[in-house]
Amino acid sequence: LSEFKPQELSNLLWALTTPAGHKPMVLYTMAELELTTERDLSRFNPQDLSNLATSLAAFGVPTSRGTLAPGLEAVAAEMLRPTTIESGGAFADMSDGDEGEDTQFAARDAERRNKSAGGEARPRLGSFSPGQLAAVAMAYAKAASPATSLFQALISEMCSRPLSLEHSVHQVEVAPGVPILRGPPGIGVAPAPFASGVTETNLVNLAWAATVAGQATPELIDYVFSTTESLLESLPPPVLIQLGHILLGNPQDGAAKGAVAGPSRAELQEILSAPKGDPISRFLGLSNVIPTNTAHSNFAISILLALCRIRKTATPPYSSKLHEKVSATLAAMDIPHINEFAVFGGVYTLDIVLGDSVAIEVDGPSHFLESTRTQGDLRYNAETLFKQRVLTSLGWTIYSLPYKDWEGAKGDEAKKALLASILERPPVGTPSDT
C-alpha cells in the first residue's frame, strides 16, 4: 500500500468495501496503519478523503463508546485542518494531479472566502462539494461516534451554501453572498459557487446523518423542514423516509409522538379476525391525532400524508425467510401477532407486533457491525441503534431476536423455548441491554 498514490489508495478501499459481503479486515489494518503513521493526508484531495471516510466506516470496526477508530480520527483531523490559499487559487497542500471540476470550483471559492475574511484560514471542508460533505456525514454517523467538532463544521459548511433544489417547480438559486443559515461563531457564512448548489438530497442526507449521530441542532432541523415542506409531494420515497427519521429522531416538541402508537391486544385480535381485504389503514401509524400546538406539527402532518400516499402504490414490505420461520413458530404457539407493522406511515416497519406497543425485531446479519459477525459478541450497527432509540423513546417496548440465537436453537421445541424466553429478556434500550 505504501506505493499507492492517494487516489489509488482511496479508490482501492472504496472498491473493496462497496459490495455486500465480507470485508477483508487485513486490508483495514494495513490501511489504518498507513494512514496514521506513513501518509501525509494533506496530499489527499476532497474526493479521496470522502472515499476514505466512507470505506473505513464500512468495515464496521467497534470502538469504545464516544471514540473514533484511529484511521477515521486521522481523516477527520485533516478535514478540519485550517488551510490557506496560495496565489493562483489552488490549495498549496492538496494537489496530486487529480483535481476535478468541483475541486477547482472549491479552490476558487476558498480563495474568495479567505479574501472576504481578511485571510482567515478555513477548514479543508470548505473545499468539499455538497455531495462530498453529505457522504462524509453519512460515514461518520455509521461509525457510531459523535465526532462533535466535525459535525458542527459539516452543518455550518452545508448550510452556508446556495440552494439548487431538484424537485421544486422552478430551480431556486440563492445569490452568492446571501447567507442562508449562520453557523457557529468563527466558521463563516458566505455561500460557495460550486458547480452545483446544495440539493434537498444533500441537505436531508446531512440532517439524517447528524440525527443518527445525535448531533443535529434545532436550527438545522428547522432549516431542513422549511426547505422541504413545499416539496413533499414530489420528493422520492427514500428522501421522505429520511425526513420521517429526522422528525422522529429529533422529538424536541413531540410533534409526531401521537402518531406512532400500535394497536392494543384487543385491536390486534380484531385486525386478525377481520375479513381479508378490510381496510386497516388507521392502524398503519395513524392511531392517534398529532398535537397541533407544536413547532413542527404542520410538517409532521404533511410528511405523514406524503408517506401514506406512497404506501398506497409501494411494494409490500419483504419478510426474510428467518422472519417467516419465526412467525410460523409463534403461530404454532398460538401467539397472536402482526408481521411488518408500519410505524408513522412506514418510516419504520416492525417485524412482529404482539399488541400494546410491544414488538419483536428479528435481527439478521445486516443489523450488526460487519466485523463482529464472525465473532461471538455481536454489536448493533448505528442505524439499528438509532431505530431502537427512536421507537423506545416514543413508547414502544422492543425485544431483539439476533439471528445467531435462532441458529443456535436446534429443533422446533428449542425454537419455541427461545421465543418464550424472549419476553423475559431486558428490552433493547435499557441499561442492562447489551
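In which sense do β3 and strand β4 pair, and over how many bridges? The two run antiparallel, with five bridges between them. Keep in mind that this is a predicted model. Below is a quick tour of the sheet that holds this pair, followed by a look at asparagine 202.

**The sheet**
- β3 and β4 belong to an open sheet of four strands, ordered β3-β4-β5-β6, and the pairing in the sheet is mixed.
- β3 (338–343) and β6 (397–402) sit at the edges with a single partner strand each, so one side of each has no neighbour in the sheet.
- Going from one strand to the next, the twist averages 45 degrees.
- In the pairing of β3 with β4 (residues 348–355), valine 343 stands opposite tyrosine 348 of β4.

**Helices packed on the sheet**
- Helix α14 (residues 382–393) packs on the sheet and touches β3, β4, β5 (358–363) and β6.
- The direction of α14 makes about 50 degrees with that of β4.
- Helix α16 (residues 412–422) also packs on the sheet, where it touches β5 and β6.
- The direction of α16 makes about 150 degrees with that of β6.

**Asparagine 202**
- You'll find asparagine 202 in helix α8, which covers residues 200–212.
- Is asparagine 202 buried or exposed? Its relative accessible area is 12%, and because the cut-off for buried is under 20%, asparagine 202 counts as buried.
- Leaving out residues up to four places away in sequence, asparagine 202 touches Pro130, Gly131, Ala134, Met158 and Gly197.
- Alanine 134 is 68 residues away along the chain, yet its C-alpha atom and that of asparagine 202 are separated by 5.7 Å.

Terms used:
Residues are numbered from 1 along each chain as its sequence is written. This is a predicted model: local features need pLDDT of at least 70, side-chain atom pairs count only at pLDDT 80 or more; totals for chains, interfaces and linings use all residues. Side-chain values use heavy atoms; hydrogens and water are left out. Buried means under 20% relative accessible area, exposed over 50%, partly exposed in between (1.4 Å probe, protein chains only). Contact means heavy atoms within 4.5 Å. Two strands pair if DSSP finds at least two bridges between them. Axes are lines fitted to C-alpha atoms, for helices over the stretch in contact, and angles run from 0 to 180 degrees between N-to-C directions.
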